[in-house]
Amino acid sequence: MSDRDESPEARRGPPPPRVQLARAKVNLALHVTGQRADGYHLIDSLVVFPAIGDVLLLEPADQLDLAIEGPFAGELKGEDPASNLVLRAVRALALRLETAEPAYHLRLTKRLPVASGIGGGSADAAAALRLMAQHSGTPVPDAMLAEIAASLGADVPVCLSQSASRMRGIGEELLPLPKLPQLGLVLVNPRQKVATPDVFKALTRRDNAALPDIPDGFADAAALLEYLNNARNDLEAPAISICPAIGEVLTILKADPRISLARMSGSGATCFALCAATEVQGLVSDLSRKHPGWWVAGSPTLQA
């Protein structure tokens, strides 16, 4: 007689997780390469997902609802619940699966600044899609999730995968990056919002060159840094013209000898600094102490 548990519950395996980390999307480089007739801008960008993000928790309930807590919850106060990307993602998946609206209580701990160039809302929507797919009770094709993600916003598809990627087009073309070397990453936001449409409007050129050819691999951190030094963020200058605090953050980061590269992410105002993994904790501590008005977070890896 076997001691192995042969119950239906055991055969089904452990229950799906009820928590998702909605990782920040960090643009290590972002080139604006054109603009479509419908107004959407074309980009060529390298994106990574460090272990820094919001947290989405799912609990059974009588009906679908969403509670938002955490240090940046107040910035979403007054938002129309129907417009929240998390609830839109849940309802969009239920519609595609032709099922009733799921009865869950969702709790979002908002740890990323809002409207900050690191895809917080998109990451939250993607986390909701992953959770709902795991708890749907039926297999959900990856293609269906990708279509729903694209309908919710340009950054949601890459946030769905949370994989280091090259983004092209308006964000719909995703190519995996080669394995990235060990580097630490520190995020800094001066707690100022920058509206993405305003930044694109301030662009003086929209037909810039694409990223340099990406090698099959990066031998070490120095090789990745050399590549990134030959790239840029085309939105950085227009964002600084709107929000000078971004320039002040970058000046301070670039002056620190522990930092190998500092640049703005997305359309701002969050900036990132690349450094040795062993320097992350010290940088976060020093920047937080010297600039208590800033939001600062760090990760010992670019892609956790």
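Which residues does Ser-122 touch, not counting residues up to four places away in sequence? In this predicted model, the list reads Leu-85, Asp-155, Val-156 and Cys-159. Ser-122 itself sits in helix H3, which covers residues 120-134. With a relative accessibility of 13%, Ser-122 falls under the 20% cut-off and so counts as buried. One of those contacts also shows up in the backbone: the C-alpha atoms of Ser-122 and Val-156 are just 4.8 Å apart, although 34 residues separate the two along the chain.

Stepping back to the whole chain, the fold is built from 10 helices and 12 strands. The radius of gyration comes out at 20 Å, close to the 19 Å that the globule rule gives for 304 residues, so the chain is as compact as a globular protein of that length. Laid along its principal axes, the C-alpha trace spans about 65 × 50 × 40 Å. Half the chain is tucked away, with 50% of the 304 residues counting as buried. As for contacts between residues at least 6 apart in sequence, 76% of them join residues at least 24 apart. The Ser-122 and Val-156 pair, 34 residues apart along the chain, spans a stretch of that kind.

On the outside, the accessible surface adds up to about 14400 Å², and carbon and sulfur atoms account for 52% of that. The charge tally is 29 positive side chains against 34 negative ones. The centres of these two sets lie 3 Å apart.

Aromatic rings come next. A pair of such rings is described by the distance of the centres and the angle of the planes. The structure holds 2 aromatic pairs. In one of them, Phe-72 and Trp-295 meet edge-to-face, at 6.5 Å centre to centre and with 80 degrees between the planes. Phe-72 belongs to the loop between strand S5 (65-69) and helix H2 (85-97), while Trp-295 is in strand S12 (residues 295-299), so this pair ties together parts that are 223 residues apart in sequence. Both partners are covered: Phe-72 is buried at 3% relative accessibility, and Trp-295 is buried at 9%. The other pair is made by Phe-218 and Tyr-227, whose ring centres are 5.9 Å apart with the planes at 65 degrees, so this one is edge-to-face too. Here again the rings belong to buried residues, with Phe-218 at 10% relative accessibility and Tyr-227 at 8%.

The loop that carries Phe-72 also has a residue out in the open. Gly-78 is found in that loop between S5 and H2, and its relative accessibility of 79% makes it exposed, whereas Phe-72 is buried. Between the C-alpha atoms of Gly-78 and Val-90 there is a separation of 20 Å, for residues 12 apart along the chain.

A few backbone details deserve a look. Most residues other than glycine have a negative phi, and most peptide bonds are trans. Going against the latter habit, Gly-268 and Ala-269 are joined by a cis peptide bond, with omega at about 10 degrees. Ala-269 is part of the loop between strand S10 (259-264) and strand S11 (271-275). On the phi side, Gln-162 has a positive value near 55 degrees. Gln-162 lies in the loop between helix H5 (156-161) and strand S7 (165-169), and at 14% relative accessibility it is buried. Arg-191 also has a positive phi, near 60 degrees. Its place is the loop between strand S9 (184-189) and helix H6 (196-201), where a relative accessibility of 48% makes Arg-191 partly exposed.

Arg-191 turns up once more in a contact between loops. Gly-293, in the loop between helix H10 (280-290) and S12, touches Pro-190 and Arg-191 when residues up to four places away in sequence are left out. From C-alpha to C-alpha, Gly-293 and Arg-191 are 7.2 Å apart in space, against 102 residues in sequence. Gly-293 is partly exposed, with a relative accessibility of 45%, and Arg-191 is likewise partly exposed.

Conventions. Residues are numbered from 1 along each chain as its sequence is written. This is a predicted model: local features need pLDDT of at least 70, side-chain atom pairs count only at pLDDT 80 or more; totals for chains, interfaces and linings use all residues. Side-chain values use heavy atoms; hydrogens and water are left out. Helices (H or I, at least four residues) and strands (E, at least two) are DSSP runs, numbered from the N terminus. The radius of gyration is taken over C-alpha atoms; the globule rule is 2.2 Å times the number of residues to the power 0.38. Buried means under 20% relative accessible area, exposed over 50%, partly exposed in between (1.4 Å probe, protein chains only). Contact means heavy atoms within 4.5 Å. Accessible areas come from the Shrake-Rupley method with a 1.4 Å probe; for residues, only the protein chains shown count as cover. Lys and Arg count as positive and Asp and Glu as negative; His and the chain ends are not counted. The place of a charge is taken as NZ of Lys, CZ of Arg, CG of Asp or CD of Glu. Rings of Phe, Tyr and Trp (its six-membered ring) pair if their centres lie within 6.5 Å; planes under 30 degrees apart count as stacked, over 60 as edge-to-face and the rest as tilted.
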